[in-house]
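Biologist: I have a structure open and some basic things to ask about it. Can we go through them one at a time?
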Amino acid sequence: MGDMEDLCVTDCTRCPALVDSRSRIVNGGGPEDADLLFVGEGPGANEDEQGEPFVGRSGTVLDDGLRTVGLDRSDVRITNCVRCRPPENRDPKTDELANCRGYLEREIELLDPDVIVTLGKVPSEHLLGRSVAVTKEAGTLEEVRIEDAPRRLLICVHPAATLYDRSQEETFENALQRAAELAGVADGESGQTRLDGF
Ligand code: URA
């Protein structure tokens, strides 16, 4: 197991367009031994400004959803497929995803989470290596090999989807509930912590 310092990228110039648009590299945040790893697409304006993933409106939705299922943001680790803000918040391009892939793989390997939760289409497709109908497949658990290790991956809609379409709120919360149950970390219905093996 490597040193957790390895989780932080401090210097990378692989993507010229992102080097131009970023003001900093936004690394993952949260405990280095978290059971749940949430993976978003890439930093937006707020994240680029503050240097932390999911601190804007999407972050508020994620925090609220976590609380609803009995989790706190400080219980989970949150990262992104790319660590630099794409210009005009466009989706990361294939080569940019590939350039940043090794950093994400290293984070997954060192964290060794019980479940990886992909927030939206970009991270779901990136890690599953297939096209994903996110709304339809949200809440589905997949097994996927990442760097030769089997990983459990739960598909989830992006928190921002609930802002554009209120009907996705339930889809989002149901997926978070499933994630919490799978990791055995909380029971949203009762608000009680579940003790593994009891
Ligand atoms: N959306 C993402 O996908 N990631 C962030 O960090 C913020 C918003």
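Biologist: How many disulfides does a search of the whole structure find?

Modeller: Zero. Keep in mind that this is a predicted model.

Biologist: Remind me, what is a disulfide?

Modeller: A covalent bond between the sulfur atoms of two cysteines.

Biologist: Then why is there no bond between C12 and C15?

Modeller: The closest cysteine sulfur to that of C12 is in C15, but the two are 6.3 Å apart, so they are too far from each other for a bond. The cut-off for a disulfide is 2.5 Å.

Biologist: And C156, which cysteine has the closest sulfur?

Modeller: That is C81, with its sulfur 14 Å from the one in C156, which is also too far for a bond.

Biologist: Are C12 and C156 buried or exposed?

Modeller: C12 is buried, at a relative accessible area of 13%. C156 is buried as well, at 0%.

Biologist: New topic, the ligand. Which residues are around it?

Modeller: G40, E41, G42, E47, P53, F54, N80 and H158. By type, that shell has four polar, two charged and two nonpolar residues.

Biologist: What lies 3.0 Å from a nitrogen atom of the ligand?

Modeller: A polar backbone atom of G42. On the oxygen side, a backbone N or O atom of F54 is 3.0 Å from a ligand oxygen. H158 uses its side chain: an N or O atom there is 3.0 Å from an oxygen atom of the ligand.

Biologist: How much of the ligand's accessible area does the protein cover?

Modeller: The ligand has 240 Å² on its own, and the protein covers 91% of that.

Biologist: And which pocket is the ligand's space?

Modeller: The largest pocket.

Key: Residues numbered from 1 in each chain as written. Predicted model: local features only at pLDDT ≥ 70, side-chain atom pairs only at ≥ 80, totals over all residues. Heavy atoms only, no water. Near = heavy atom within 4 Å. Polar contact = N/O pair within 3.5 Å; in protein donor to acceptor, adjacent residues only side chain to side chain. Areas by Shrake-Rupley, 256 points an atom, 1.4 Å probe, with all protein chains shown as cover. 1 Å grid on protein atoms, 1.4 Å probe; cavity = no way out; pocket = protein on both sides within 12 Å on 5 of 7 lines; lining within 4 Å. Sits in = over half its atoms within 2 Å of the grid points. Nonpolar A, V, L, I, M, F, W, Y, C, P; charged D, E, K, R; others polar. Buried < 20%, exposed > 50% of the residue type's maximum accessible area, 1.4 Å probe, protein only.
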